[in-house]
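Visitor: I'd like to go through this model with you, starting at the ligand and then moving on to the sheet and the cysteines. Could you put it up?

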Amino acid sequence: MSELMIKPYSELSGEEAKAEYEAVEKKYQEIKAKGLKLDMSRGKPSKQQLDMVSDILTVLQKPEDCYDGKIDARNYGNLDGLPCCRAYWADVLGCKPEEVFAGGNSSLSLMYDIISKACTHGLLHSEKPWLKEEGLKFLCPSPGYDRHFAITQTFGLELVTIDMTENGPDMDQVEEAVKDPKVKGIWCVPKYSNPTGIIYSEETIKRIASLKPAAPDFTVMWDNAYSIHEFDGDYIPFPDILGIARECGNPDMFYEFASTSKMTLPGAGISCFACSVDNMNYLKSLITVQSISYDKTNQLRHVKYLKDKENSLALMKKHAAIMSPKFHAVLDALDSEIKPRGLGSWTVPKGGYFISFDCPDGLAKRTWNLCKEAGVVMTTAGATFPYGKDPRDRTLRIAHSLPPVEELKEAIQVFCVCLRLAALEKMVK
Ligand code: PLP
């Protein structure tokens, strides 16, 4: 069929569907025969992005380079991080330096650590460690980030699905859920949410900050992983959640997280959490048992390289120049191959690392499998829902950052063919 003649699949007659099925099946077999190996599974920066920032590796050359004022970054001490690093994150997140704990290479580890401590020791307002309570639950706005859900699952908390809207978690559901004292917290990615790419609205943020949960130690895991990660258009300012929480009478309810994983080198960057000073003092009393200090030389290297928020935003523009053509390659393919056939809808974010794609109900797993057999790896269907179970079997996460543009174009074409085949199989069989 030529482009002009493309009909929505719902309008195909039985015979047209059969002919289309045969043509698409043939196309699929041709693709399979190519033995492709393409990866759209995880939000990793590309080699081009890593090469662009690799001069960070040579920032600290001599012993004299290793000081933050009088503090020798090479030695033990400063559990909560180098002052310059705490100030850097405060600048990026809009909070105060004393609210920042500058950590190691992974914000996910810090998140794990806080949930782990909640379980073993309890948090500041806990009546007892979570592991001493039965039947605890955690709210998981979905589709969401599979690794968040896995953290609370691994500690035995029940994962409660909250629907994601274009303004953030469905707040009516959240407000209802927190009336249950067993509900201990919620996962949030407030800007360029993983995977939908939406930004929480002002109203949603206010409603979260104003929650009156039954659990005294209800915890908002505010993962601001993509706080300055626009790949299209200008930087969109985002409010300081700790200040808002204070104004709303919930100063200790939020733990905010960020890292440089998508700014410099993932796995070799720096991370932080930010929280009230009371929370900070309590957590430090626990963390001091587990570590003498984090890698301050890497903190210093990063601050010397990234300097401040303004300079980091300039670097993010360079990342955007690499990311944006990939994002548009995906959108162009979906617009020309999927839209006219009426086979799904997708988000069009301006930042972050993902596009979330919804196919017609019941087609996600089959499409994922067809892609896999054709050599295109995508995030497992269902992974963005608690327990890996998408109730409507319709959501797939497209991660477009890693492959070079030409490979990505090929991968997304394969995806389109697989989705068409999955839809036609249902219609024909
Ligand atoms: N949080 C979100 C929302 C992510 O998407 C990712 C990685 O994709 C991470 C955290 C991982 O962060 P880090 O590398 O700092 O552990």
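Guide: Before the ligand, one term: a polar contact here is a pair of N or O atoms within 3.5 Å. Please also keep in mind that this is a predicted model.

Visitor: Fine. Which atoms of Leu108 and of the ligand come together, and at what distance?

Guide: In Leu108 a backbone N or O atom lies 3.0 Å from an oxygen atom of the ligand.

Visitor: And what do the side chains of Asp223 and Ser259 do there?

Guide: Asp223 places a polar side-chain atom 2.5 Å from a nitrogen atom of the ligand, while a polar side-chain atom of Ser259 lies 2.7 Å from an oxygen atom of the ligand. Taken on its own, the ligand has 400 Å² of accessible area, and the protein covers 88% of that.

Visitor: Which residues surround the ligand?

Guide: Besides Leu108, Asp223 and Ser259, the surrounding residues include Ser106, Ser107, Tyr145, Val189, Asn194, Ala225, Tyr226, Ser261 and Lys262.

Visitor: Switching to the sheet: how many strands, and in what order?

Guide: There are 8 strands in an open sheet with mixed pairing, and their order is S4-S11-S10-S9-S8-S5-S6-S7. The edges are taken by S4 (100–102) and S7, each of which has a single partner strand, so one side of each is left without a neighbour in the sheet.

Visitor: Let's take S8. Is it buried or exposed?

Guide: Strand S8, residues 183–188, is mostly covered, with 6 of its 6 residues buried.

Visitor: How does S8 pair with S5 and with S9?

Guide: With S5 the pairing is parallel over 2 bridges, and Lys137 stands opposite Val183 in S8. With S9, residues 219–223, S8 also runs parallel, joined by 4 bridges, and Trp187 has Met221 in S9 as its bridge partner. Between S8 and S9 the chain passes through helix H7, residues 202–209, in a β-α-β crossover that is right-handed.

Visitor: What about S5 and S6, parallel or antiparallel?

Guide: Strands S5 (residues 137–142) and S6 (residues 158–165) run parallel and are joined by 6 bridges, with Lys137 standing opposite Glu158 in S6. The chain gets from S5 to S6 by way of helix H5, residues 146–154, and this β-α-β crossover is right-handed. Lys137 thus turns up in the pairing of S5 on either hand, opposite Glu158 in S6 and opposite Val183 in S8.

Visitor: And how do S6 and S7 connect?

Guide: They form a hairpin with 2 residues between them. S7 covers residues 168–169 and runs antiparallel to S6, to which 2 bridges join it, and Thr165 stands opposite Gly168 in S7.

Visitor: New topic, the cysteines. How many disulfides are there?

Guide: A search of the whole structure finds 0 disulfides.

Visitor: Why is Cys119 not in one?

Guide: The closest cysteine sulfur to that of Cys119 belongs to Cys140 and is 13 Å away, which is too far for a bond, given that the cut-off for a disulfide is 2.5 Å. Cys119 is also buried, with a relative accessible area of 1%.

Visitor: Why does Cys188 not form one either?

Guide: Its sulfur is 10 Å from the closest cysteine sulfur, again in Cys140, and that is too far for a bond. Cys188 is buried, with a relative accessible area of 0%.

Note on methods:
Residues are numbered from 1 along each chain as its sequence is written. This is a predicted model: local features need pLDDT of at least 70, side-chain atom pairs count only at pLDDT 80 or more; totals for chains, interfaces and linings use all residues. Side-chain values use heavy atoms; hydrogens and water are left out. Two strands pair if DSSP finds at least two bridges between them. A crossover is right-handed if, with the strands pointing away from the viewer, the path from the first strand over the helix to the second runs clockwise. Buried means under 20% relative accessible area, exposed over 50%, partly exposed in between (1.4 Å probe, protein chains only). A residue is near a molecule or strand if one of its heavy atoms lies within 4 Å of it. A polar contact is a pair of N or O atoms within 3.5 Å; within protein, one must be able to donate a hydrogen and the other to accept it, and residues adjacent in sequence count only if both atoms are side-chain atoms. Accessible areas come from the Shrake-Rupley method with a 1.4 Å probe; for residues, only the protein chains shown count as cover.
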